[in-house]
Amino acid sequence: MKKGIFRTICSFTVATAMVLTATACSSSQPAEQQGEEQTQQQSEDGEQIKIGVLQLMEHDALDNARNGFVDALAEGGYVDGEKIVIDVQNAQGDQSNLKTMSQKFVNDKEDLILAIATPAAQSVAAETQEIPILATAITDYPEAGLVSSNEEPNVNLSGTSDRTPVKEQFALLKQILPDVKKVGIMYNSSEANSEIQARSAIEACEELGLTYQEGTVTNVNDIQQVVQSIVGEVDALYIPTDNTFASAIPLVVSITDVEKVPLICGENGMVKGGGLATVGIDYYKLGEQTGKMAIRVLEGEDISKMPVEFPDSTEVCINLDTAEKIGVTIPQEIIDSAAIVIKDGAVEE
């Protein structure tokens, strides 16, 4: 009887040892490799696909781009909290935050990263050459050092451009204010996007026979002083799709309204915030366009061969409330052609 018990115990011990040995062998691969395999398996199974969203700062245009991106994913079957998990990080315009958040996404082994605005894309691109990166709200990808070319990026990054029709915006300015002579061009000189558009604005002025005065800032704290210093020297102001100025548009219009100086903007959100008019793009649609690209990447398309995409349409946006405040009459033909009209505090589309 005792021998039988002994044999049973021995058999159990040997079997247990074999299981433990097998378990130890299966766990001998590096933890990092196991994590990569787990992430890959989750992605292949359509579960827990991780998407990081890095947004430079909060303002109407960037928020709309993010919302359009998320909605397009959901429409394509990638619903946050179900098939995918989206981690949104907002850097509040701080470069050190961008770096920390970019590193977080890489350490978290995200399956895909969306970068909203040029500094965000540059920050993420500096941290990984492996994770697919889509970007939006960027004017010129090659000039920002993000891709080899718009036609074939040749890196782990592509996306959508928010290049706006600067010449059309200045043509609109001349339609509304035919007697304008001098335009103030205001932008953040440390934003690559803004410098590119400022050069286009200067070219537009020269083609229309207008003189110009530049007013540059390096952060939001400079805006009040710069606007006050330039507003009395010009007939109108122009601000491109500049993130720093867009985030502080209420401050800008609090000065331009008092001085009764028309403000032509680079995008619709700034007009809704109190600017006079623009020929702009719809950032929500731009985000949707980027979201559709994301679905293609998640389903296996090579991002390095995906061309940078551009908006396929623009729209006129005017603020009649602002026009009344500053004593400007917008021609009826412009009102009739506008896709978005702000009147009596309401947005008519």
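# Helix packing and empty space in a predicted model

Mentor: In this predicted model, helix H8 (residues 223–230) packs with helix H10 (residues 249–259) at an angle of about 25 degrees, and their axes lie 10 Å apart.

Trainee: How do H8 and H10 run, roughly parallel or antiparallel to each other?

Mentor: Angles under 35 degrees count as roughly parallel, and H8 and H10 are therefore roughly parallel to each other. Where H8 passes H10, the crossing is right-handed.

Trainee: Which residues in H8 and H10 meet?

Mentor: From H8 there are Ile223, Gln224, Val227 and Gln228, and these meet Leu251, Val252 and Ile255 in H10. Sorted by class, that contact has five nonpolar and two polar residues, with no charged residues.

Trainee: Switching helices, at what angle do H6 and H7 pack?

Mentor: Helix H6 (residues 166–176) and helix H7 (residues 192–208) pack at about 45 degrees, with 9 Å between their axes, which makes H6 oblique to H7. Their crossing is right-handed.

Trainee: And what makes the contact there?

Mentor: H6 contributes Val166, Lys167, Phe170 and Lys174, while the H7 side consists of Gln197, Ser200, Ala201, Ala204, Cys205, Glu207 and Leu208. By class, the contact of H6 with H7 has six nonpolar, two polar and three charged residues.

Trainee: New topic: how much space lies in the second largest pocket?

Mentor: The second largest pocket holds about 330 Å³ of space. It is lined by 19 residues, of which Met57, Gly93, Asn188, Glu191 and Thr244 are the closest to its centre. Helix H4 (95–107), helix H5 (118–127), H7 and helix H9 (243–247) are the elements that give two or more residues to this lining.

Trainee: Which of them gives the largest share of the lining?

Mentor: The largest share comes from H5, with three residues. By class, the lining of this pocket has six nonpolar, twelve polar and one charged residues.

Trainee: What about cavities, how many of 30 Å³ or more does the structure hold?

Mentor: The structure holds one cavity of 30 Å³ or more, and the largest cavity has a volume of about 70 Å³. Of the 13 residues in its lining, His59, Thr241, Asp242, Asn243 and Tyr283 are the closest to the centre.

Trainee: Which helices supply at least two residues of that lining?

Mentor: Helix H3 (60–75) and H9 each supply at least two residues of the lining of the largest cavity. The classes there are six nonpolar, four polar and three charged residues.

Key
Residues are numbered from 1 along each chain as its sequence is written. This is a predicted model: local features need pLDDT of at least 70, side-chain atom pairs count only at pLDDT 80 or more; totals for chains, interfaces and linings use all residues. Side-chain values use heavy atoms; hydrogens and water are left out. Axes are lines fitted to C-alpha atoms, for helices over the stretch in contact, and angles run from 0 to 180 degrees between N-to-C directions. Helices (H or I, at least four residues) and strands (E, at least two) are DSSP runs, numbered from the N terminus. Angles under 35 degrees count as roughly parallel, over 145 as roughly antiparallel, 65 to 115 as roughly perpendicular and the rest as oblique. A crossing is left-handed if the near helix is turned anticlockwise from the far one by less than a right angle, and right-handed if clockwise. Contact means heavy atoms within 4.5 Å. Ala, Val, Leu, Ile, Met, Phe, Trp, Tyr, Cys and Pro count as nonpolar, Asp, Glu, Lys and Arg as charged, and the others, Gly among them, as polar. On a 1 Å grid over the protein atoms alone, a cavity is a set of points where a 1.4 Å probe fits but cannot get out, and a pocket is an open set with protein on both sides within 12 Å along at least five of seven lines; lining residues have an atom within 4 Å of a point. Grid points are joined across faces, edges and corners, and a volume is the space filled by probe spheres set on the points.
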